[in-house]
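Please describe how the two ligands sit in this model and how the neighbouring helices cross one another. The report should suit a reader who wants each geometric term given with its cut-offs.

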Amino acid sequence: MNIIFLGPPGAGKGTQSKLLEERYGLIQISTGDMLRAEVSKGSETGKQAKALMDAGKLVPDELIIAMLKSRIAQADCQNGFILDGFPRTLAQAEELDSMLSSDGKKIDTVLFLDVDEEILADRISGRFTCGNCGKTYNEVSNPPKVEGTCDSCGSHEFKRRADDKRETVVERLKEYRKLTAPILPFYEKTGRLHKINGMLSASEVTGEIEDALASEGLITKK
Ligand code: ADP
Ligand code: ADP
Ligand code: ZN
């Protein structure tokens with residue numbers, strides 16, 4: 001099964017994708033993580049993306065579509081994937097459908113994590129990740145069980161994203177409103193959109209997502 005997570009920055013897309021990946025053996029494809037990897041490698045793609053990401057702007061459609069296309073062609077994606085952070089413009093959504101259908105594939109369902117804007121800024125400014133395994137935490141809602149130690153890998157090193165500063169978050173939310181929110185009607189029209197209340201606790205959100213997937217016959221709830 002192929003799933004899309006839609007939602008504003010900080011809605012919980014990464015958190016929920018990771019969980020579904022572990023529980024149902026799907027592959028999480030985070031275009032943000034892929035871009036950050038390109039930036040730290042210093043590749044041509046990374047060089048083109050860095051200034052835009054630092055400013056909270058979207059990177060050009062052609063760049064991100066090319067990156068995604070080569071990722072979903074890889075062997076590990078053939079049994080199903082979760083898109084986290086793609087598509088983010090109508091052009092990306094349309095291109096995704098045509099790229100999949102030419103391979104005899106499709107998007108089975110689109111999960112929209114709905115979270116009020118006032119909540120997002122606090123979620124993002126409290127976000128940090130393990131420097132070793134990448135697990136995401138939050139200072140308030142989701143700290144490590146033992147302070148300063150990653151639950152998953154035991155590392156003591158944590159990092160914050162450069163674009164999680166408040167000024168940049170304002171810009172990212174503007175981009176979301178202007179370019180990404182208009183995708184919702186595209187998926188609503190085809191009956192593929194499930195609206196999930198992303199303001200519940202993370203485990204309650206997971207429950208709602210599993211109910212949505214089960215209602216489509218895509219999973220048997222575990
Ligand atoms: P978040 O999960 O907080 O919304 P991401 O990690 O998905 O943030 O994205 C970080 C940045 O990477 C975005 O602000 C944008 O610059 C770039 N980016 C990621 N995915 C896309 C995409 N599909 N289209 C354009 N830009 C993207
Ligand atoms: P996104 O990938 O949509 O940008 P993340 O999954 O990185 O969002 O979550 C943003 C921040 O909010 C992280 O610090 C995460 O731990 C926290 N978070 C995620 N889901 C919830 C939730 N349901 N309630 C409270 N905090 C959450
Ligand atoms: Zn870790």
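α1 passes α9 in a right-handed crossing, where a crossing counts as left-handed if the near helix is turned anticlockwise from the far one by less than a right angle, and as right-handed if clockwise. The axes of these two helices, α1 and α9, come within 11 Å and cross at roughly 60°, and that makes α1 oblique to α9. Angles under 35 degrees count as roughly parallel, over 145 as roughly antiparallel, 65 to 115 as roughly perpendicular and the rest as oblique. Axes are lines fitted to C-alpha atoms, for helices over the stretch in contact, with angles running from 0 to 180 degrees between N-to-C directions. Helices (H or I, at least four residues) and strands (E, at least two) are DSSP runs, numbered from the N terminus.

This is a predicted model, in which local features need pLDDT of at least 70 and side-chain atom pairs count only at pLDDT 80 or more, while totals for chains, interfaces and linings use all residues. Residues are numbered from 1 along each chain as its sequence is written, chains are lettered from A and ligands numbered from 1 in the order in which they are written, and side-chain values use heavy atoms, with hydrogens and water left out.

**Ligand 2**

Around ligand 2 there are 20 residues, of which the closest are G14, T15, R127, Y137 and S141; a residue is near a molecule if one of its heavy atoms lies within 4 Å of it. Polar contacts (pairs of N or O atoms within 3.5 Å; within protein, one must be able to donate a hydrogen and the other to accept it, and residues adjacent in sequence count only if both atoms are side-chain atoms) are listed here for both ligands.

| Ligand atom | Protein partner | Distance |
|---|---|---|
| ligand 2, oxygen | N138, side-chain N or O | 2.9 Å |
| ligand 2, nitrogen | S141, side-chain N or O | 2.8 Å |
| ligand 2, nitrogen | L200, backbone N or O | 2.9 Å |
| ligand 1, nitrogen | T31, side-chain N or O | 2.8 Å |
| ligand 1, oxygen | R36, side-chain N or O | 2.9 Å |
| ligand 1, nitrogen | Q92, polar side-chain atom | 3.0 Å |

Taken alone, ligand 2 exposes 570 Å², of which the protein buries 91%; accessible areas come from the Shrake-Rupley method with a 1.4 Å probe, and for residues only the protein chains shown count as cover. The elements that give two or more residues to the shell around ligand 2 are α1 (13-24), β6 (136-138) and α9 (202-215). That shell divides into 7 nonpolar, 10 polar and 3 charged residues, with Ala, Val, Leu, Ile, Met, Phe, Trp, Tyr, Cys and Pro counted as nonpolar, Asp, Glu, Lys and Arg as charged, and the others, Gly among them, as polar.

**Ligand 1**

Ligand 1 is surrounded by 19 residues, the closest being T31, R36, K57, G85 and R172. Its exposed area when taken alone is 560 Å², and the protein buries 96% of that. The shell around ligand 1 holds 7 nonpolar, 4 polar and 8 charged residues, and α2 gives the most to it, with 4 residues.

Helix α2 (residues 31-41) and helix α3 (residues 44-54) have axes that come within 8 Å and cross at roughly 115°, which makes α2 roughly perpendicular to α3; their crossing is left-handed.

**Other features**

F86 and P87 are joined by a cis peptide bond, with omega about -5°, and P87 lies in the loop between β3 (81-84) and α5 (90-101).
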